[in-house]
Amino acid sequence: MIVNIAEVAKSFGGVVAVDNVSLKIGRGEFVSLLGPSGCGKSTLLRMIAGFEQPDAGVIEIDGHDVIDIPPNRRPVNMVFQSYALFPHLNVFDNVAFGLRRKRLPRAQVQADVSRFLQLVGLEALGERYPTQLSGGQQQRVALARALINKPKVLLLDEPLGALDLKLRKRMQTELKQLQRDVGVTFIYVTHDQDEALALSDRIAVMNRGALLQFASCRELYDKPRTEFVANFLGEANIVCGRVVESGPVATLDVTGRKIRVLDEGRTTQLGDQVLVALRPEQLTVAGEGTGSGNELKARIKDKVFLGNAFTLHLQVDPDVPLVVRGTDRALFDGLGVGQTVAVSWPLEHGRLVQP
């Protein structure tokens with residue numbers, strides 16, 4: 001473990017920004033803090049950096065409490081969305097800035113800067129100034145400048161947010177490869193679920209200052225604990241039902257229809273109103289029943305062709321909409337708006353989630 005955050009809290013003028021968050025981050029991990037604007041992820045990052053003081057809690061880096069250590073003495077560096085490059089310095093001098101502050105020998109500065117410029121693919125642009133660089137090139141300079149000081153943790157606050165979509169996708173691949181090459185722990189703030197999934201070893205999902213779930217990308221997608229996580233990371237159908245049979249496999253009544261869901265933790269009791277998350281791509285549509293035991297009759301309200309896939313918008317009843325996504329074009333072409341179909345799914349694909 002390289003970063004230990006224990007029950008950290010922060011408020012601004014009575015508004016809770018971070019609400020007793022605890023995280024343990026491993027050495028060499030790429031961890032993303034994911035959530036909507038105002039959820040507290042940037043405030044948490046700034047507290048790790050030392051730019052904000054927590055009201056309560058512990059922040060440890062590499063086993064040392066850093067709460068009372070100023071930002072410039074913490075073993076971290078931070079990359080901002082604006083990159084914050086010095087406009088009067090060329091690329092080489094921007095990257096060398098931290099090393100020269102440490103009064104390192106000129107030959108070592110030259111060697112280290114050359115190595116990191118080569119690492120980020122800018123070895124031929126050392127004499128250029130920030131205004132002569134593209135957004136992606138500026139981002140690489142900011143990364144090289146941050147990494148050359150060999151921080152134990154690199155903090156990144158939406159560093160790709162100012163780039164256009166095509167460049168942002170390319171930079172995601174380069175950023176992940178760079179993190180693997182240098183082996184530094186990255187803590188990355190983003191509100192973009194696709195970006196978090198593409199980059200991260202684990203993701204911490206936050207909302208309204210609280211940490212809702214911290215897990216691998218696959219676990220978050222396949223086993224969301226809450227309705228918010230299910231909807232924020234990917235897309236989910238949320239079906240409400242009443243428990244009519246409890247047990248490791250519970251039976252729910254959904255508007256008079258019975259479905260079954262795994263409840264291995266025995267969290268439900270008879271009569272409980274519960275929520276089940278169903279991923280659109282894990283649902284099967286057929287004109288007749290499949291006999292799977294998990295089946296809802298629904299009417300097609302709309303169908304959308306997306307080129308390599310299709311989306312069906314269905315209605316079980318006025319209170320239970322469903323979205324189904326698939327790639328079987330023959331099936332899609334054979335279905336029409338207004339048609340009633342059977343929607344089914346394997347038992348393991350339905351997840352009980354908290355409101």
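What follows is a quick walk through the fold, the nonpolar cores and one arginine of this predicted model.

Starting with the chain as a whole, nine helices and 20 strands turn up in the protein. The C-alpha trace spans about 75 × 45 × 35 Å when laid along its principal axes. Of the 355 residues, 48% come out as buried. Among contacts with a separation of 6 or more, 66% join residues 24 or more positions apart. As for the surface, about 17,000 Å² is exposed, and carbon and sulfur atoms supply 48% of that area. On the charge side, there are 42 positive and 40 negative charges, and their mean positions sit 6 Å apart.

Now to the inside. The largest nonpolar core holds 36 residues, and V113, L154, L156, L175 and F186 have the most contacts within it. Two or more residues each come from α2, α3 (106-119), α4 (135-147), β7 (153-157), α5 (165-182) and β8 (185-190). The top contributor is α4, which puts in six residues. Setting aside neighbours within four places in sequence, L154 touches N77, M78, V79, L143, A146, L147, V184, T185, F186 and I187. A second core, separate from this one, has 29 residues, with C39, L44, I48 and M78 among them.

Finally, there is R100, which belongs to helix α2 (residues 91-101). R100 counts as partly exposed because its relative accessibility is 44%, a value that falls between the 20% and 50% cut-offs. Beyond its neighbours within four places in sequence, R100 makes contact with F92, D93 and V109.

Technical notes:
Residues numbered from 1 in each chain as written. Predicted model: local features only at pLDDT ≥ 70, side-chain atom pairs only at ≥ 80, totals over all residues. Heavy atoms only, no water. Helix = DSSP H or I, 4+ residues; strand = E, 2+ residues; numbered from the N terminus. Buried < 20%, exposed > 50% of the residue type's maximum accessible area, 1.4 Å probe, protein only. Contact = heavy atoms within 4.5 Å. Areas by Shrake-Rupley, 256 points an atom, 1.4 Å probe, with all protein chains shown as cover. Lys, Arg positive; Asp, Glu negative; His and termini not counted. Charge placed at Lys NZ, Arg CZ, Asp CG, Glu CD. Core = buried A, V, L, I, M, F, W, Y, C linked by side-chain atoms within 4.5 Å.
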